[in-house]
Amino acid sequence: GCFYISGWIREIGHIRSFAAGAAICIASTLSFALSENEALLLFVRFTTGVATAGLFAIGDAWISDTAKEATRGRLLAAYATVLGLMSVGSQLMIQILPDELNEGFIVISLLYCVAIAVLTAARSDPPTGDCSANVRLLYLFRNSPTAWIGAFVVGMVSTTLLNVFPYRAAVLGIDPKDIALTIGALYLGRILFLYPVGAASDRGDRRTIVLINSAVASALLLYIAIAGTGDGAAFKAISGTIWFPVMLVSFAFLGGALLTLYSVLAAHAMDRTPPVYVASASVTMLFVTTLGAIAGPLLASAASAFLGDASVAWLNFAMMAFFVGLVGVRLLAREATPGAEKTGHQVAGTTSVEVVPADKEKG
């Protein structure tokens, strides 16, 4: 979706592209309320992903292209904060809406309509530049294997954690409201730790921050693997007890460690990349983390089928522990990027087609 939308932007502009993508999302969302046919919903889920990726790409590209360097970082930070708050709000909606989700799909469709109305009536002019770039997998891997492998691992683990786990929990009969609070805690942790982590990475070797975050995430994933039984019994046992808020705090720390990693990894990749290839490196990072997001659910399903449901948590821990070891080896094998060559850290999500560093000038 992010690669395809660049053609739309060039041909019909940002606003019309956004309106088209949002209209596809409205039709897709209403389809969830109208049908339970599995084949149809699979196709609808795919089109929703394509359109949603395009919407994020338009927003990121618009801000990056039109904002001045003095304000770009703050605008992207505010944009990412709003996205994070809405991610938490989406989980809180489940606490308010009835158990029947059809009303929720209608509310989401209304919000898409509001977004179209606001954007099409905006007085600001969209940029006219070209936001396309080539995927350069081998080039990025040679320049920054830490960022390349990290993007894949983060995509794999975060997608499994945010998508596979909630679905399996619902199948096992866990209260959807408890599931929503848990996912909301993950997103809340990202909001709370986003800026401290980014600021810390600007002051030293970003790989040190990546190592610390990965180690914290690995430790928490290990605890989940040990405590979990695969049948939801452990989760149900603490639901409604004093230990449930403690678990939510733990998940907030997990979100703060795991969901902020991509932003630091993207900045690290930009540090290692010549200015002329920055846009390509950003697109490649997106591509790699998307591959991880695809591989995560597939590997989780295979592990569950052959080794039991509890193996999914152990798979997540194994991937993150492997990455911790890799970062440690890279820290010893290669020196840090000189301060003069570092980019200024900017908030980056796994939905962006480009990251435009404020401090990395073309030579």
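A pocket here is an open set of grid points with protein on both sides within 12 Å along at least five of seven lines. Keep that in mind for the second exercise; the model you're working with is predicted.

**Exercise 1. Get the overall picture**

Work out which secondary structure the protein chain contains and how much of the chain is buried.

Solution. Start with the elements: the protein chain has 14 helices and zero strands. Reading along the sequence, then, you meet α followed by α through the whole pattern. Next, burial: 47% of the 363 residues count as buried. Last, take the contacts with a separation of 6 or more: 84% of these join residues 24 or more positions apart.

**Exercise 2. Describe the second largest pocket**

Find the volume of the second largest pocket, and say which residues and elements line it.

Solution. Volume comes first: the second largest pocket holds about 810 Å³ of space. Its lining has 34 residues, and nearest the centre are Phe165, Ile224, Gly228, Phe235 and Phe251. Now ask which elements give two or more residues to that lining: they are α7 (145-171), α8, α9 (206-227), α10 (233-238), α11 and α14 (311-333). Finally, sort the lining residues by chemistry, and you get 25 nonpolar, six polar and three charged.

**Exercise 3. Classify two aromatic pairs**

Rings pair if their centres lie within 6.5 Å. Decide whether Phe193 with Phe253, and Phe235 with Phe244, are stacked, tilted or edge-to-face.

Solution. A pair of rings is described by the distance of the centres and the angle of the planes, so those are what to look up. The total is five aromatic pairs. For Phe193 and Phe253, the centres are 5.5 Å apart and the planes sit at 50°, so this pair is tilted. Where are the partners? Phe193 is in helix α8 (residues 176-203) and Phe253 in helix α11 (residues 243-258), so the pair ties together parts that are 60 residues apart in sequence. Check accessibility too: Phe193 is partly exposed at 28%, and Phe253 is partly exposed at 43%.

On to Phe235 and Phe244: their centres are 5.9 Å apart with planes at 80°, so the pair is edge-to-face. Phe235 comes out as buried, with a relative accessibility of 18%. Phe244 is buried as well, at 8%. You've already met Phe235, by the way, among the residues nearest the centre of the second largest pocket.

**Exercise 4. Look for disulfides**

How many disulfides does the whole structure have, and are Cys25 and Cys113 buried or partly exposed?

Solution. A disulfide is a covalent bond between the sulfur atoms of two cysteines. The step you need is a cut-off of 2.5 Å between the sulfur atoms. Searching the whole structure gives zero disulfides. As for the two cysteines, Cys25 is buried at 0% relative accessibility, while Cys113 is partly exposed at 40%.

**Exercise 5. Place two residues of helix α2**

Locate Ser28 and Ala33, then say which residues each one touches.

Solution. Take Ser28, found in helix α2. Its relative accessibility is 5%, and buried means under 20%, so Ser28 is buried. Leaving aside neighbours within four places in sequence, Ser28 is in contact with Val44, Thr47 and Thr48. Its C-alpha atom is also 9.1 Å from that of Ser109, 81 residues away along the chain.

Now Ala33, which lies in helix α2 (residues 14-34). With a relative accessible area of 24%, Ala33 is partly exposed. Skip residues up to four places away in sequence, and Ala33 touches Asn102 and Phe105. Measuring C-alpha to C-alpha, Ala33 and Gly104 are 8.9 Å apart in space and 71 residues apart in sequence.

**Exercise 6. Compare a loop residue with a helix residue**

Say where Ala122 and Ala267 are found and whether each is buried or partly exposed.

Solution. Ala122 is in the loop between α5 (102-120) and α6 (137-143). At 32% relative accessibility, Ala122 is partly exposed. Its C-alpha atom is 9.4 Å from that of Ile15, with their positions 107 residues apart along the chain. Ala267, by contrast, lies in helix α12 (residues 261-271). At 5%, Ala267 counts as buried. For Ala267 and Gly198, 69 residues apart along the chain, the C-alpha atoms are separated by 9.2 Å.

Key: Residues are numbered from 1 along each chain as its sequence is written. This is a predicted model: local features need pLDDT of at least 70, side-chain atom pairs count only at pLDDT 80 or more; totals for chains, interfaces and linings use all residues. Side-chain values use heavy atoms; hydrogens and water are left out. Rings of Phe, Tyr and Trp (its six-membered ring) pair if their centres lie within 6.5 Å; planes under 30 degrees apart count as stacked, over 60 as edge-to-face and the rest as tilted. Helices (H or I, at least four residues) and strands (E, at least two) are DSSP runs, numbered from the N terminus. Buried means under 20% relative accessible area, exposed over 50%, partly exposed in between (1.4 Å probe, protein chains only). On a 1 Å grid over the protein atoms alone, a cavity is a set of points where a 1.4 Å probe fits but cannot get out, and a pocket is an open set with protein on both sides within 12 Å along at least five of seven lines; lining residues have an atom within 4 Å of a point. Grid points are joined across faces, edges and corners, and a volume is the space filled by probe spheres set on the points. Ala, Val, Leu, Ile, Met, Phe, Trp, Tyr, Cys and Pro count as nonpolar, Asp, Glu, Lys and Arg as charged, and the others, Gly among them, as polar. Contact means heavy atoms within 4.5 Å.
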